[in-house]
Amino acid sequence: MIRKNKKALTAIALATSIIASGIAALPAFAQAGDQTVNWTREDVSKIELNQDNTLPTIDISKLDKLAPGYHMWDTWPLMDRDGNIASYKGWKVIFALSAPNDVLPGKVHDIATIRYFYSKNGKDWTLGGELFPKGTAFGQRQWAGSAMLDGDQIHAFYTATGREGQAQLTYEQRIATATGKIVADSNGVRFENWDKHRIILEPDGKYYQTVEQAKQGEGGGYAFRDPMWFKDPKNGKEYILFEGNSGGIVSERPFKQEYAGSAGYLQQHPVPAGAAHANGNIGIAEVVGGDLNNIKMLPPLVEANYVNEELERPHVVVKDKKYYLFTDSHINKYAEGITGPEGMYGFVSDTLIGGYKPLNGSGLVIANPADNPYQAYSWLVTPELNVVGFAQFGDLNGMTVGEIGNQSPEFQFSHFGGTLAPTVKISLNGDTTKIEKILPQGWIK
Ligand code: FRU
């Protein structure tokens, strides 16, 4: 994906020559805070598929469709306020983005709706229905989120994508919440008594790019989505993590050496102009005093400027007093000149805010196998280190994801999973990770 932008080119040329001449790098357009860590081009250059990070090839056409009549993709479990998988009257609950299964895979994002499922054993799921009564949620459609149970109250967080009421499909993303009540008996689970939905976070334009800023960038990503609720066990403070893009417009984001890595690496690996469009980041906001009406936007935890456009569904798991920050990204979201697999990536730190280092040196934790590169996606790690993802595209015989849309509907349907993938068990050991084993499809706990 080569994008031309003269202003960016000039900025890069200028910055590179300044770095080469030994003068300090250009002053940054102030997006990042002190806490913000760069995921660098040098980190990404260390990516290698090996047996600790690469999934075995599976035939996704053989998987059970867990949501009869629907495609399902991004999935998240109901958690309790302390971040454990919740159990209510013996039931576990998961939520998933969904669309009727006669919709082409490439179109599902345009009509996504959140549906929920319940299970006694955390493996065999019954479709409960839509999470919210029709017409009550913000957005033309709803994208990924999280859900937290406090007593019998559920706080649901989601992405409101597009503006409700607009005739044309639009891509603005806002973070919304609603509080309802969980009701369960021996037959199953339902949700009722939803209060009025509220928008709780919108991009500020400084740390996080607005849709208007993105439109001035001649290409590149725009994301402000995937709210993930998190409570820091060390001090009880509560947060929402989300996927964003660094603030400002592309011409205001001059290249800095720290985006590439070390001076030595940069010398050997010049940064192409088109890389300027990649500005994915992992955002965080504090829910002050646990009050959802008092949310304070904070600088991003990680930025991938000139590295990657989308750091999706960020979430944190705490183990051995360390914070493991995970995110998902696609092959085609890497900046020009570098590459990585459709995979789950991660960082580790001793504190929730600041100090993150890429896991395994490069950041790669889970990769699809090279012979089935789009096999699964949108992985989420539970506190038990079970990684839940969905089956994406299989058996493409070298075709890229961009080419799938040009194939016949039959081809597209028969190569799309649209259901949960087998769960992946990982282990975490300091700053390294390992795929331990493959568990049954849909296994949460
Ligand atoms: C990841 C994702 C999420 C988004 C959803 C939209 O699979 O891109 O970031 O919420 O899909 O369908």
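Reader: Which side-chain atoms should I look at to see how tryptophan 73 meets the ligand?

Author: Look for N or O atoms. In this predicted model, an N or O atom in the side chain of tryptophan 73 is 2.9 Å from an oxygen atom of the ligand. A pair of N or O atoms within 3.5 Å is a polar contact. Aspartate 74 has a polar side-chain atom 2.8 Å from a ligand oxygen, and for aspartate 226 the side-chain N or O atom lies 2.5 Å from an oxygen of the ligand.

Reader: How much of the ligand does the protein bury?

Author: Begin with the ligand taken alone, which exposes 320 Å². The protein buries 94% of that area.

Reader: Where does the ligand sit, and which residues are around it?

Author: The ligand sits in the largest pocket. Around the ligand are Trp73, Asp74, Leu97, His109, Trp143, Ala144, Arg225, Asp226, Glu243, Glu312, Tyr377 and Ser378. Sorted by class, this shell holds five nonpolar, two polar and five charged residues.

Reader: Which strands each supply at least two residues of the shell?

Author: Match the shell to the strand ranges. Strand 2 (70–80), strand 6 (141–150), strand 11 (225–231) and strand 20 (376–381) each supply at least two.

Reader: What sheet does strand 11 belong to, and is strand 11 at its edge or in its interior?

Author: Read the strand order. An open sheet of five strands runs 1-14-13-12-11, with mixed pairing. Strand 11 and strand 1 (37–38) are the edge strands, each pairing on one side only.

Reader: How many bridges join strand 1 to strand 14?

Author: Two bridges join strand 1 to strand 14 (residues 295–305), and the two strands run parallel. Valine 37 has valine 302 as its bridge partner in strand 14.

Terms used: Residues are numbered from 1 along each chain as its sequence is written. This is a predicted model: local features need pLDDT of at least 70, side-chain atom pairs count only at pLDDT 80 or more; totals for chains, interfaces and linings use all residues. Side-chain values use heavy atoms; hydrogens and water are left out. A residue is near a molecule or strand if one of its heavy atoms lies within 4 Å of it. A polar contact is a pair of N or O atoms within 3.5 Å; within protein, one must be able to donate a hydrogen and the other to accept it, and residues adjacent in sequence count only if both atoms are side-chain atoms. Accessible areas come from the Shrake-Rupley method with a 1.4 Å probe; for residues, only the protein chains shown count as cover. On a 1 Å grid over the protein atoms alone, a cavity is a set of points where a 1.4 Å probe fits but cannot get out, and a pocket is an open set with protein on both sides within 12 Å along at least five of seven lines; lining residues have an atom within 4 Å of a point. A molecule sits in a cavity or pocket if more than half of its atoms lie within 2 Å of its grid points. Helices (H or I, at least four residues) and strands (E, at least two) are DSSP runs, numbered from the N terminus. Ala, Val, Leu, Ile, Met, Phe, Trp, Tyr, Cys and Pro count as nonpolar, Asp, Glu, Lys and Arg as charged, and the others, Gly among them, as polar. Two strands pair if DSSP finds at least two bridges between them.
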